[in-house]
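Work through the following exercises with the coordinates open, and try each task before reading its solution.

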Amino acid sequence: MTDPNLQEIHDFLVGLAKKAGPKITSANPSTVDTKKNSSDLVTETDKAVEDLISSTCQSEYPDYTFLGEETSKSGRLTASPTFVVDPIDGTTNFVHAHPYISISMAFVKDFKPLVGVVYNPFTQHLYTAIKGQGAFLISPRIPSSFPADGEKVDSIYEIRRLPLRQPSPPLPDLSHALVAVEYGNERSGNNWECKIGTFNALGRSKTEKDGAMVQSVRSLGSAALNCCSVARGDIDVYWEGGCWAWDVAAGWIIVEEAGGMVVGGNKGEWEPAVDGRRYLVLRSGAGKEVVEEFWSKIQGKLVYEDTD
C-alpha cells in the first residue's frame, strides 16, 4: 500500500462534507430513535449521511478502513489507515432545530489523526487541518452593514488561520478560563458523579475546597465543535468523558495544528488514545500548569469499561 496523499484526502473530505451538508439542512428529522437512553438519539438523517460518506470513501479508497458512529460495533481503532466519521455530531441539537451540529471526518493512521474536516452546514463554517500544515477556518465574511431592501446578498468566504488571535494570549490559570463541558448520556453511576462533582468544583469560589472559579462554562452539544472552538481560541479548555473516536478525531488534529494540546481526561494521562473516551483539550497559550490545575479539580476518575 502506498503512503497516503494527505492533501488529496483533505480535498476529498472537504468535497464530501459539502456534498453531505444539504442532506442535513433540508431534512426534517421526523423519525427519532434512541440508543442507550432518551438522551442518546439517532435519526434517519444520521444514517443516510453516514451511508453517503461510507460508500463514497469505500469507492474512492477501497483499501482503507471505515469507522462510523452508526455502523461501528466496537468503536475501536486499529493501526490501519481509517476514515473516522460522525455524520451528525450533535444529533440532539439537530432534533431540536438548534443549528450547532457538524459533520466530523478524520483520516487516522497508526492511531494518529492526520487530516481533520469539521463542517457545520447551517453556519457554513468549515474547519480543516493537515498534519504539519496548520489549521484553518473557511466561513462567510460578515458584512459591515445590513443589505438594503431588494439588494442581492453575496456570500463571500474567507480563509483564516487558527487560532484567530495570533499570537495567542497566555492562559495563566483556570480562574481566567472559559471552559466547555457536556453532560453526555450517562446520567447515573461513577462517571456521572465524577462529572457533576467536577462541574461544581470548576464553578466554586477559590476560597472553597477544590474551587477553581472559572469565568464561566459553555456547552455546544457537539464535541467536534467544542474542539474547534478551542482551536479558534474562544474556548480555553474543554473537558470530556464518554465520547468516541468519531466525535473527537477530526477536532483533535485541528486543535493540535492550531497550537493547542489534547491530554487525557484523568490525572496523569499525558498521552491519551484517540479512542480512549476521556479528553482534556486546551487552546494555544495554555501550558502544562493549567493541565495540572484542571486535573487537581477532578472529583474522582472517569472509567469506561471498553477502554480500561
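Angles under 35 degrees between helix axes count as roughly parallel, and those over 145 degrees as roughly antiparallel. The model examined here is a predicted one.

**Exercise 1. Helix 5 and helix 6**

Task: Determine how helix 5 and helix 6 are oriented to each other, and list the residues through which they meet.

Solution. Begin with the geometry: helix 5, residues 223-232, packs with helix 6, residues 245-257, at an angle of about 5 degrees, and their axes lie 8 Å apart. An angle of about 5 degrees falls under the limit of 35 degrees, and the two helices are therefore roughly parallel to each other. Turning to the contact itself, helix 5 contributes Ala-223, Ala-224, Cys-227, Cys-228, Val-230 and Ala-231, while helix 6 contributes Asp-247, Val-248, Gly-251, Ile-254 and Val-255. Sorted by class, this contact holds nine nonpolar residues, one polar and one charged.

**Exercise 2. Two cysteines of the helix 5 contact**

Task: Decide whether Cys-227 and Cys-228 are buried or exposed, and explain why Cys-227 has no bond to the closest cysteine sulfur.

Solution. Take accessibility as the opening step: Cys-227 has a relative accessibility of 3% and so counts as buried, and Cys-228, at 1%, counts as buried as well. Next consider the sulfur atoms, for which a disulfide requires a pair within 2.5 Å. The cysteine sulfur closest to that of Cys-227 belongs to Cys-228, and because the separation is 6.9 Å, it is too far for a bond. Cys-228 is likewise in no disulfide, its nearest cysteine sulfur being that of Cys-227. The count of disulfides by this rule is zero.

**Exercise 3. Helix 1 and helix 2**

Task: Classify the packing of helix 1 against helix 2, including its handedness, and then describe the surroundings of Thr-45.

Solution. The axes of helix 1, residues 6-25, and helix 2, residues 44-60, come within 10 Å and cross at roughly 155 degrees. Because of that angle, helix 1 is roughly antiparallel to helix 2. The crossing of these two helices is right-handed. On the side of helix 1 the residues in contact are Phe-12, Leu-16, Lys-19, Ala-20, Lys-23 and Ile-24, and on the side of helix 2 they are Thr-45, Val-49, Leu-52, Ile-53, Thr-56, Cys-57 and Glu-60. By class, the contact of helix 1 with helix 2 has eight nonpolar, two polar and three charged residues.

For the last step, look at Thr-45, which lies in helix 2. Thr-45 counts as buried because its relative accessibility is 6%. When neighbours within four places in sequence are set aside, the contacts of Thr-45 are Lys-23, Ile-24, Ala-27, Ile-88 and Phe-94.

**Exercise 4. The buried residues of helix 7**

Task: Identify which residues of helix 7 are buried, and state which elements they pack against.

Solution. Within helix 7, residues 288-297, the buried residues are Val-290, Val-291, Glu-293, Phe-294, Trp-295 and Lys-297. The elements that these buried residues pack against include two helical or strand segments given by their ranges, helix 4 (190-203) and strand 10 (178-180). Strand 12 (237-241), strand 13 (261-264) and strand 14 (278-282) are also among their packing partners.

**Exercise 5. Backbone exceptions**

Task: Locate the cis peptide bonds at Pro-163 and Pro-167, and compare the settings of Gln-124 and Arg-277, which have a positive phi.

Solution. As background, most residues other than glycine have a negative phi, and most peptide bonds are trans. The peptide bond from Leu-162 to Pro-163 is cis, with omega near 0 degrees, and Pro-163 is placed in the loop between strand 9 (157-161) and strand 10. The bond joining Gln-166 and Pro-167 is also cis, with omega about -5 degrees, and Pro-167 lies in the loop between strand 9 and strand 10.

For phi, Gln-124 has a positive value of about 60 degrees although it is not a glycine, and its place is the loop between strand 6 (112-120) and strand 7 (125-130). Gln-124 is partly exposed, with a relative accessible area of 31%. Arg-277, also not a glycine, has a positive phi of about 75 degrees and is found in the loop between strand 13 and strand 14. Arg-277 is buried, its relative accessible area being 8%.

Key: Residues numbered from 1 in each chain as written. Predicted model: local features only at pLDDT ≥ 70, side-chain atom pairs only at ≥ 80, totals over all residues. Heavy atoms only, no water. Axes fitted to C-alpha atoms, helices over the stretch in contact; angles between N-to-C directions. Helix = DSSP H or I, 4+ residues; strand = E, 2+ residues; numbered from the N terminus. Parallel < 35°, antiparallel > 145°, perpendicular 65-115°, else oblique. Left-handed = near helix turned anticlockwise from the far one by under 90°. Contact = heavy atoms within 4.5 Å. Nonpolar A, V, L, I, M, F, W, Y, C, P; charged D, E, K, R; others polar. Buried < 20%, exposed > 50% of the residue type's maximum accessible area, 1.4 Å probe, protein only.
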